[in-house]
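Trainee: Could you take one part of this model and go through it closely, starting from a single element and working outward to what surrounds it? I would rather have one connected account than a list.

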Amino acid sequence: MKRRILVVEDQEDNRRILRDLLTHAGFDMVEAENGEEGIAATVAQRPDLILMDIQLPVLDGYEATRRIKADPTLKAIPIIVVTSFALSGDENKARAAGCDAYITKPYSPRALLAKIREFLP
Amino acid sequence: MLNQLPIRIKVFIAPAIIIALMLCVMLVSELALRRQQAAFLQVVGGSLTTSVETTKLLLAVADIQSEMLRYTQLQQRLPSGDQILIDLRRSIVSKYQAIDSLFEQVKSTSMKSESDAVSNISDFLTIHRAVSLKILEGEATGSMTVSTLLAHYQQLQSYIVELASRSLESAQVTESETEKYIDRFSYVLYAGSAAIIAISILLTFYIGRAISGPLTNMIKVMNSIANGNSAVSVPGMERRDEIGAMAKAVDVFATVSKELHKRELSLIEARAMAESASQHKSQFLANMSHELRTPLNAILGYTELMSDNIYGDISGKMREVVDRIQRNGKHLLGLINDVLDLSKIEAGQLTLSFADYSLKEMVQSVFTAIEPLASEKGLTLKIELPADLPRGHGDERRLTQVLLNLVGNAIKFTDKGEVVIRASAAEGSFAIAVRDTGHGVAEGDQTKIFEQFQQADNTATRKKGGTGLGLSISKRIIEMHGGRIWVESRLRQGSTFYFTLPVNVEQQVASS
């Protein structure tokens, strides 16, 4: 059975790249465009892993991560937070929100895939 | 009125008034003493003398009386021509003369109120003498005469005693009056002294206040000016004393201070504006770089997927173009990142976040990241590390950025040979060296390369790629850690880039 990855990302191009990458790598990918949709998709789809962008409309990635991790039925799902290189202090905030790993933008698709495989071998 | 006097005069007023009051008391005391003296003299030279003289008179009269009695007794037994009688007669007559002078004394010292007593004494003295003389001259004899003399004597004696007792009484009255007067005087003296003390205290207080009041006001005004209250007006400018002079000086000070305050405000405003402009500028740069990076990341992402054959196998010629797109895209990304870093440094907004790190791990991670580049160019990349390095404390990410930059440059500018990363620790400092066998940096360029947009040889740069900002950023990062960065190089023989930094940055900063 294919592993399911939820991508919470508001940029169409980034979603397309991830879709091509992850589908090619044999994953099932579901998408959400903001933090609120991300939480709803997590509840509805029960993904095996979440890729969470930080700068999101409606509800940002920190808050979405915090809420998912606060829910005992969801907190086992690993979350990789995508932080921006431009804003210092993002990593600390991401860790504080309870993420399992983080990757700094701009990332190489190869490196991201390697990070995902740490959680879903 | 007093308020307008100069301070130098005010300070004299209190002592002057106190001295005047003391002089008044002395004058009153003098008058009282004089009166006391008069009373004393009145008693000693008057009543008391009268009393003493009267007593003497009494004794003298008693003496004559006893001699007269003796004479009357001897007269019956002796002939009238007897020598004893003659002597006795003479003695009695002379004693009467003495009594006369005594009586004159009494009369002169006695008071007017005693004049009736004195005239009684005078009358009876005359009668007594007349009877005595009759007896002495033999005109009167017998017991009848003697008893008459005795009666007169007794009368005279009683008058003299009365005068003496009245004189004594009058002396006593004067004495008790004097005593009362002294009592009253000392009461006045005490009350006067108390009043002087009270007046002195009040006066000193009042004058002190008259001096300190305007000064206190002035201090308040000066404090208010010092606190930046420029609307305050200086009181007492119209005065002609020291306070007036001071007020004029303070007014000048206030005017200057107002001007300074105004200038300070405009400076603060200008600085706030400059700060907000700088804030806007760096916010703009941050937004801009994010906006620039988003599409660039997409380009790089698609390119990588293409070269990984995710969209199908690509031909050799196409792969070459895709690689070129990727290289140029990465260069552009590097430029954007460097410009952002530099603008943050310029705006003073690059803050280091300190944490513990392992220099060994840092060197190894840089080695892992760069090694593929080195082997691609056929270069040897080596690490020389001592067995034990202390754990460092600093901004690991920024220090890694510096090391990546130096090692990346070394690979970039070296065509054959090796690049060696060496690290050591001594005396609380790390020393890191990156040595290459590249074409070196000319002596004249060795400081220039750490400046912005400066590379030793522009043609080399264009060929090698690079922003020209890396070393400048590295230099700022190392300096923010309290360290130093420099290069030692000879053309065509290679370069060694060095940097040193405190093992524990925060400790170093705290102790210096």
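Mentor: What follows starts from one strand of chain B, moves out through its sheet and the helices over it, and ends with the contact to the other chain and some salt bridges.

The model is a predicted one, and the values below should be read with that in mind. The strand to begin with is strand 7 of chain B, residues 494-502, which is mostly covered, since seven of its nine residues are buried. On one side, strand 7 of chain B is joined to strand 5 of chain B, residues 429-436, by seven bridges, and the two run antiparallel. Within that pairing, Phe430(B) has Leu501(B) as its bridge partner, and Val434(B) is matched with Phe497(B). Strand 7 of chain B also pairs with strand 6 of chain B, residues 484-490, again in the antiparallel sense and over seven bridges. Here Arg490(B) has Gly494(B) as its bridge partner, and the hairpin formed by these strands has three residues between them, among them Arg492(B), which takes a positive phi near 65 degrees.

These pairings belong to an open sheet of five strands in chain B, which has the order 2-4-5-7-6 and mixed pairing. Its edges are strand 2, residues 380-384, and strand 6 of chain B, each of which pairs on one side only. Neighbouring strands of the sheet are turned against each other by 15 degrees on average, direction ignored.

Moving from strand 5 of chain B away from the starting strand, one comes to strand 4 of chain B, and these two pair in the antiparallel sense over eight bridges. In this pairing Val419(B) stands opposite Asp436(B). Strands 4 and 5 of chain B form a hairpin with two residues between them, and Glu427(B) in the turn has a positive phi of about 50 degrees. The parallel part of the sheet is found where strand 2 of chain B meets strand 4 of chain B, residues 418-426, through five bridges; there Lys382(B) stands opposite Val420(B).

Two helices can be placed against this sheet. Helix 8 of chain B, residues 396-412, lies across strands 2, 4, 5, 6 and 7 of chain B and runs at about 20 degrees to strand 5 of chain B. Helix 10 of chain B, residues 470-480, lies across strands 6 and 7 of chain B, and its direction makes an angle of about 135 degrees with strand 6 of chain B. The starting strand is therefore crossed by helix 8 of chain B and by helix 10 of chain B.A salt bridge lies beside the sheet, between the side chains of Asp415(B) and Lys377(B), with N and O 3.9 Å apart. Asp415(B) is in the loop between helix 8 and strand 4 of chain B, while Lys377(B) is in helix 7 of chain B, residues 359-377, so this pair ties together parts 38 residues apart in sequence. Asp415(B) counts as exposed at 51% relative accessibility, whereas Lys377(B), at 32%, is partly exposed.

The contact with the other chain involves 19 residues from chain B and 17 residues from chain A. The area buried between the two chains is about 1800 Å², and carbon and sulfur atoms give 55% of that area. On the chain B side, Tyr302(B), Glu304(B) and Arg397(B) lose the most area to chain A, together 28% of what that side buries. There are two salt bridges between the chains, and Glu304(B) forms a salt bridge with Arg110(A), the closest N and O atoms being 3.5 Å apart. Helix 5 of chain B, residues 242-307, and helix 6 of chain B, residues 316-346, each supply at least two residues of the side that touches chain A, and helix 5 of chain B gives the most, with ten residues.

Chain A itself has five helices and five strands, which follow the pattern β-α-β-α-β-α-β-α-β-α along the sequence. Within chain A, a salt bridge joins the side chains of Glu33(A) and Arg15(A), at 3.2 Å from N to O. Glu33(A) is partly exposed at 40% relative accessibility, but Arg15(A) is buried, with a relative accessible area of 5%.

How values were computed:
Residues numbered from 1 in each chain as written. Chains lettered and ligands numbered in written order. Predicted model: local features only at pLDDT ≥ 70, side-chain atom pairs only at ≥ 80, totals over all residues. Heavy atoms only, no water. Buried < 20%, exposed > 50% of the residue type's maximum accessible area, 1.4 Å probe, protein only. Helix = DSSP H or I, 4+ residues; strand = E, 2+ residues; numbered from the N terminus. Pairing = 2+ DSSP bridges. Axes fitted to C-alpha atoms, helices over the stretch in contact; angles between N-to-C directions. Contact = heavy atoms within 4.5 Å. Buried area = accessible area lost by both parts, 1.4 Å probe. Salt bridge = Lys/Arg side-chain N within 4 Å of Asp/Glu carboxyl O.
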